[in-house]
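Please work through the following exercises with the sequence and the coordinates at hand. Each task is followed by a solution in steps.

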Amino acid sequence: MVHEIAITVSNLTKKYDEQVAVSNATFEVPLGAICGFVGPNGSGKTTTIRMLLGLIKPTFGSATVLGHEIDRPEKYLSQVGAMIEGPAFYPALSGEENLHVLATLGGFPGSRVKELIDTVGLTGRGNSKFKNYSLGMKQRLGIAAALLPNPQLLILDEPTNGLDPAGIHEIRTLLRELAENGTTVFVSSHLLSELEMISEYLVMLREGNVIFSGLISDLLEAQQSQILVKPEFETDSDRLVAVIRSAGHTVEVKDGLLYVLVPEHFSSEINRLAFAAGITLQSLTPMLPTLEETFFDMTGGQA
Amino acid sequence: MIKVLRAEARKLRRPTLALPTLAAAMGLTALTTSLLYLLIDSPSGNGREGIRVSAKQLSLPDGVVYSFQSAATLLGVIALCVFAAQTAQEYTYGTLRNLLLREPSRMKILLGKYVAMSIFAFLIVLTSAAISIGLSFALASDAKVSTVLWTSLDGKSAIVHALANALLATIGFGTLGMILGLLLRSPITAISIGVIWLLIVENLLSAVVKNADKWLPGMQLGVVAMGGSLSNAYSRALGVAGIYILIGAVLAAVLFKRRDVAN
């Protein structure tokens, strides 16, 4: 069956007694994309992921994964790799032995274990017991387990937790390579700058509700852009503020720098206004809000 | 289900589980057997609950398995601990979600685990029987016990029956452990409640409530392991234990199938 959408979620809801964990969530994840999944702690990300994997039954609503309804996980899980809420393994078994348990269960060749141990950078440590692994090594093993089926869809919950900057860079590269080879990656993370670097799509949750889903570029473009203006002489600052305000624009002054809340193409107008007032500008920098700023703005400043 | 069974076997054969468990089972059997023969003339008794088992009784065809049958309930307690721990640990480690991602059929997971642990229980019973019977032959002459009838057809039949009954009882105890593991989702809680119930609560209840020994699940399995007792017939004990296990297993299986995996 050919499908262009990896995940479709329609009014998906999960209630625990009176508490709503996920409320009428509706979004889509295109096939072959890297899609970020963000939201403050307790916003319903993990519950949504568990419902997509058939671990939790929704209270109501529906969803499909790789074209199959989520109430039939046996239809699609052989093509899905996932790491949910951190790596979970048997402490007394080695990393390799833990992967062998899952490979045996999934019917994957044993040779895949060694291959994945190398892929995630655990070469030489595969025979150490899981309980002796550092947090970063455990995380790498979790990613290896998720990659066991050579998945068409990879779902990762905070994959860079506990990794050092080099490890984060390796995972970022790995996810990009997987996406280039056609794997859809659905990844939740609190490292929004990382997501901004690798994701094209984004689903944002707040208190169980989807508050944005779509292209990250569309989200950022819809935000208020600004131009950072710095006069050559600091003594001109007040006069420059007055000139720009008199032209009808909003200006905020922070640490001697002027932030003019206008779209990027207003740079030339600001330059002209300053020139006409006899003020020389040292720099004029258009700035789009970062994903992190947008996230805080949309989620009301929750971490 | 074969894939689940093989995956489970990888976990069960880990040295930190398999070796201590087998050592404990063999040690307990060896201790029970040694005490039976070394204390044969002791006025305080040499058998279960202080009863005296004479050399004449042990010289009968089923004397060869007397000590093994006495140890069978202890093997059952070991099986209860293993089954409970292996089941409940999937919740405490959070590994159940990994298993369900690779084998979404919860019933296959449950059945595969059960068969794998039952095979492990069979190995425990078999090695313990070998230790017990071997030691019985070794200690018999010093205790003036004749082994002539042990090797007769009746003796061999007694060994087969004792093995089958011990296996049945051990898997029965293990099933109770698995049910507790599924219901309580914590190895420590499941093992504590299981062991306290079997070794303390049932004995207290049978002492104060008339005929309680004919209804308590652990005692029925003990009777099955012994091949029946004077006060409780083998078939009755097997039937009562079977009803407990069936009800518990259905309840646990339904819960396992329907419950959200949220940890």
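The exercises below treat a predicted model.

**Exercise 1. Confidence in the complex**

State which scores the predictor gives the complex, and what pLDDT chain B averages.

Solution. Begin with the scores for the whole: the complex receives an ipTM of 0.85 and a pTM of 0.83. Then turn to chain B, where the average pLDDT is 90 and 99% of the residues score at least 70.

**Exercise 2. The fold and dimensions of chain B**

Determine how many helices and strands chain B contains, and decide whether its radius of gyration is close to or far from the value of the globule rule.

Solution. Step one is the count of elements: chain B has 10 helices and 0 strands. Along the sequence, the pattern accordingly reads α-α-α-α-α-α-α-α-α-α. Step two is the comparison with the globule rule. For 263 residues the rule gives 18 Å, and the radius of gyration of chain B is 19 Å, close to that value; chain B is therefore as compact as a globular protein of that length. Step three adds the extents: the C-alpha trace of chain B spans about 60 × 40 × 30 Å along its principal axes.

**Exercise 3. The sheet of chain A**

Give the strand order of the open sheet in chain A, identify the strands at its edges, and describe how helix α1 of chain A is placed against the sheet.

Solution. First, write down the order: the 4 strands run β2-β1-β4-β5 in chain A, with antiparallel pairing. Next, look for strands with a single partner. These are β2 (19-30) and β5 (68-69) of chain A, so each has one side without a neighbour in the sheet. Then examine one pair in detail: strand β1 (residues 5-16) of chain A and β2(A) are joined in the antiparallel sense over 8 bridges. Within β2(A), Pro30(A) is the bridge partner of Ile5(A). Finally, place the helix: α1 (residues 45-52) of chain A packs on the sheet and touches β1, β2 and β4 (60-65) of chain A. The direction of this helix makes about 115° with that of β1(A).

**Exercise 4. Domains of chain A and contact with chain B**

Report the domains assigned to chain A and characterise the side of chain A that touches chain B.

Solution. The assignment yields domain 1 (5-221) and domain 2 (226-287) of chain A. The C-alpha centres of these two domains of chain A lie 45 Å apart. For the interface, count the residues on each side: 25 residues of chain A are in contact with 23 residues of chain B. Helix α2 (residues 95-106) of chain A supplies the largest share of the chain A side, 7 residues. By class, the chain A side divides into 16 nonpolar, 5 polar and 4 charged residues.

Terms used. Residues numbered from 1 in each chain as written. Chains lettered and ligands numbered in written order. Predicted model: local features only at pLDDT ≥ 70, side-chain atom pairs only at ≥ 80, totals over all residues. Contact = placed C-beta atoms within 7 Å. Helix = DSSP H or I, 4+ residues; strand = E, 2+ residues; numbered from the N terminus. Nonpolar A, V, L, I, M, F, W, Y, C, P; charged D, E, K, R; others polar. Domains from an automatic or database assignment. Pairing = 2+ DSSP bridges. Axes fitted to C-alpha atoms, helices over the stretch in contact; angles between N-to-C directions. pLDDT = per-residue confidence, 0-100. Rg over C-alpha atoms; globule rule 2.2 N^0.38 Å.
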